[in-house]
Amino acid sequence: MSYWWKCIGPLGLVLGWTFFTKFKIITPLYLPSLSETIIALKQIILFHGADFWATSYRAVLGFFIAVFLAVPLGVIIGYYKKVYWSLEFVIDFFRSLPAPALFPLALLFFGIGDASKIAVAAFIAFWIILVNTIHGVWHTSQIRISVGKVFGANSYQSLRYITFYDALPEIFTGLRTGLSLALVLVIVAEMSIGTKLGLGQKIFDSYTAYRIPDMYGYILVVGLLGFLLNKIIRHAEKYFVHWNR
Amino acid sequence: MDMSKKIILGLTAVVLLTAAVFTFVKPSFNAPGGEPEKMVVKLGYNPLPHVAFVAKEMGYFDEAGLDVQLEKFSNTNLVMEALSRGDIDVAAAVSYSTLLAFENRSPGIFKLYEGWTENQDTGWSQLIVKKDSGITSPEQLVGKKVVMRSGLSSKAQGELVLSALGLDPKKIEFVQVDPPLLVLTFAKPEISAYLDIQPAATDIVEKGLGTTLIISPRAKYVINPFPVAAAALSVRFIEQHPREAQKFVQSIEKAIGYIEKNEQKTREIFQKYLGLDSAVAQNMPLPKYGNSKNINLDNVNRLADIEIKYKILDKKPIVSDWLYRY
C-alpha cells in the first residue's frame, strides 16, 4: 500500500509536465517535452557518466572534510559553554556568509582545480554540521549525565558515551542538510569557476547554447544524485541511531 | 495584552504598512510643468560598452520623447529570456552565439537594429600571456593552461584560434570561469595565458599581469570581421509601437555618429555606465558599431556553420529575416 502512495508524487510530476508541454502552456524555451528530456537523459547516462562521478566526488569529499572537522569540534564547543560563548560571534558570522561570495577567495587560496570547489562545499557544510552538533550536545539528557556521574564516569567518558550518543540524532539532521548544501555548492562552483568535467558545468553549457532538453537532463541527474546521497545518509542514520526510530 | 505581544503586533503593523506603501504607491517623476509623459522603453543589457549609454547620456532618447530605462543582466541569455517574456523591449550587447541559439529555440522574437564587429586590428579579443612567463610565441602554450569565459562558444572559438596557429587544442587546457573571475584567475600561477575579450583583456594588461601576444585572434583566425554582438528590438514592441521603435533606432544611429567623432567623451560615458576602472576605460579598444545596414549576415551564417560543426547548435537558424528596417 505504501509503495502506491509513494508513486503518486512522481506520477503527478510526469502528468503535470506532459500536460504543460503538450498544450504549450509553458513555452518550449523554458520547458521541453518529457520525451525530448528523456532522450537527452539517456544520452547523458550513456556518454557522460564522468560528469556524474566528478560532481559526486567533489560533493562527498567536501562533505566528509566538513564532518571530520565539525562533529568533534561541535561536541567540544557544545560541551564547554565558555568555549561556545567565546566563539559565538565567529560561528554566527561565518555561517551567515553567502557561499557564492566565497568563490574569489577559494580561487585565491585553492587555485582553479578541484580543491577550490571542494573547499567551498566543505566550508558551507562545516558550519551547518557544527551548529547542529552544538545544539545536539546542549539537548543531552541531564538525568543520564547525572546517572553516569553516580556510576563514576569522568568528563571524557561522559562526553564520549553519553553526550555524543544523545547528540547523534541532531548531528544527523546537520549531516543531511550539510550534504545537500555541499552538492548545491559544488554545482554552483562548477558553473562559476569552471571545470572540464562536472554536472554544473554541463548545465551551464547547455543553458548558454539553449540546449534546453540537455539542461533538464543534467538537472534530473543532479536531482537523482541528491536523492541517492540523501537515501544513503538516511540508511546510515537508521544504522547508527537505531534507538531513535 | 503583555509587552511582547504588543511588540510583535507593532512590528507586524510596520512591516505590513511598508509592504503596502511599496506595493500601491507608485512614485511620480513627471515634470511639474505638465510636460507630456514620455513613452517608457525598457532596455536590458549585458555589461559591455553599448551605444544606448551614449544615446541616453547625450539626451537623444529624451529628444525623441522616449524614457529609456536601462536594466543590467549578468549574461546575454538572461537578456534574451527577458525579451522573450516581454519584460524588456530592447536587448543590447547580446553575442551572436546567443542570438543564434535563441533563434533555434524561439524563432521570430527579435529584429536587429545595431551590431558590432571585430576587425583584425580592433583588439576586442586578445591572446595575452603572463608577463614573466617567457612565452613569446603561441607554440610555447602547449601543455599550458589558458583562461577564458565560460560557455561552449568561447571554447569553440579558442580551439579554432589554436588550430589556425598550428597547435593541437587537446594539448592546451582551457580553464573557463565567470567573467568577473577572469582577471583573478589569470593572476593564479598555474595559468599561462588569457584568450578572451574586453574589458578584462585591457584590465590584465593595465594591471601589469600580462602582455598581448596576438591582437584580435578571432578576426585573424576565425572570421574576418568577426561578428561580436548585436542589439535587438522585440517584434512585439515593433508591432505595438512602430513609431517609437523607429525613433529609438534613429536615436541610436545618432549616437553611433557621435561615438565616431567623440572618442574621449564616449570613453567617459562607458566608464560612468559600466563602472570601469579609469585606466581600462581610457585604454580599452572601442568596438566598431554599425546600424542594421552594416550587419554582415554572411559572417553570422559562417559563425552558425562553426557552431554546428562544434555541435553547439543542432540546426542552422534562418537569419535572413533578422534585420530591422524602417
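The secondary structure of chain A consists of ten helices and zero strands in this predicted model. Read from the N terminus, the elements therefore follow the order α-α-α-α-α-α-α-α-α-α. Along the principal axes, the C-alpha atoms of chain A fill a box of roughly 70 × 55 × 30 Å. Chain A has 245 residues, and 44% of them count as buried. A look at contacts within the chain adds to this picture: among those between residues at least 6 apart in sequence, 75% join residues at least 24 apart.

A good place to begin a closer tour is helix α5 of chain A, which spans residues 103–110. Which residues of this helix are buried? They are Phe103(A), Ala106(A) and Leu107(A). Seen down the axis of α5(A), these buried residues fall within an arc of 100 degrees, so they line one face of the helix. The spacing fits a familiar pattern: an α-helix has 3.6 residues a turn, so residues three or four places apart point the same way. The cover over the buried residues of α5(A) comes from both chains: it includes α6 (114–138) and α8 (155–193) of chain A, together with α7 (182–186) of chain B. Just after α5(A), the backbone at Gly111(A) takes a positive phi of about 80 degrees.

The part played by chain B in covering α5(A) leads on to the interface itself. The size of an interface is often given as the accessible area lost when the parts come together. Between them, chain A and chain B bury about 2400 Å², with 56% of this area on carbon and sulfur atoms. On the side of chain A that touches chain B, the elements giving two or more residues are α5, α8, α9 (199–208) and α10 (212–240) of chain A. Helix α9(A) gives the most to this side, with five residues. By character, the residues on this side of chain A divide into 17 nonpolar, six polar and four charged. In all, the contact takes 27 residues from chain A and 29 residues from chain B.

How many residue pairs are in polar contact between chain A and chain B? The count is eleven, with both residues of each pair at pLDDT 80 or more. Salt bridges, on the other hand, number zero across the interface of chain A and chain B. Helix α5(A) thus links the two parts of this account: its buried residues are covered in part by α7 of chain B, and α5 is also among the elements that give two or more residues to the side of chain A touching chain B.

Methods
Residues numbered from 1 in each chain as written. Chains lettered and ligands numbered in written order. Predicted model: local features only at pLDDT ≥ 70, side-chain atom pairs only at ≥ 80, totals over all residues. Heavy atoms only, no water. Buried < 20%, exposed > 50% of the residue type's maximum accessible area, 1.4 Å probe, protein only. Helix = DSSP H or I, 4+ residues; strand = E, 2+ residues; numbered from the N terminus. Arc of directions from axis to C-beta. Contact = heavy atoms within 4.5 Å. Buried area = accessible area lost by both parts, 1.4 Å probe. Salt bridge = Lys/Arg side-chain N within 4 Å of Asp/Glu carboxyl O. Polar contact = N/O pair within 3.5 Å; in protein donor to acceptor, adjacent residues only side chain to side chain. Nonpolar A, V, L, I, M, F, W, Y, C, P; charged D, E, K, R; others polar.
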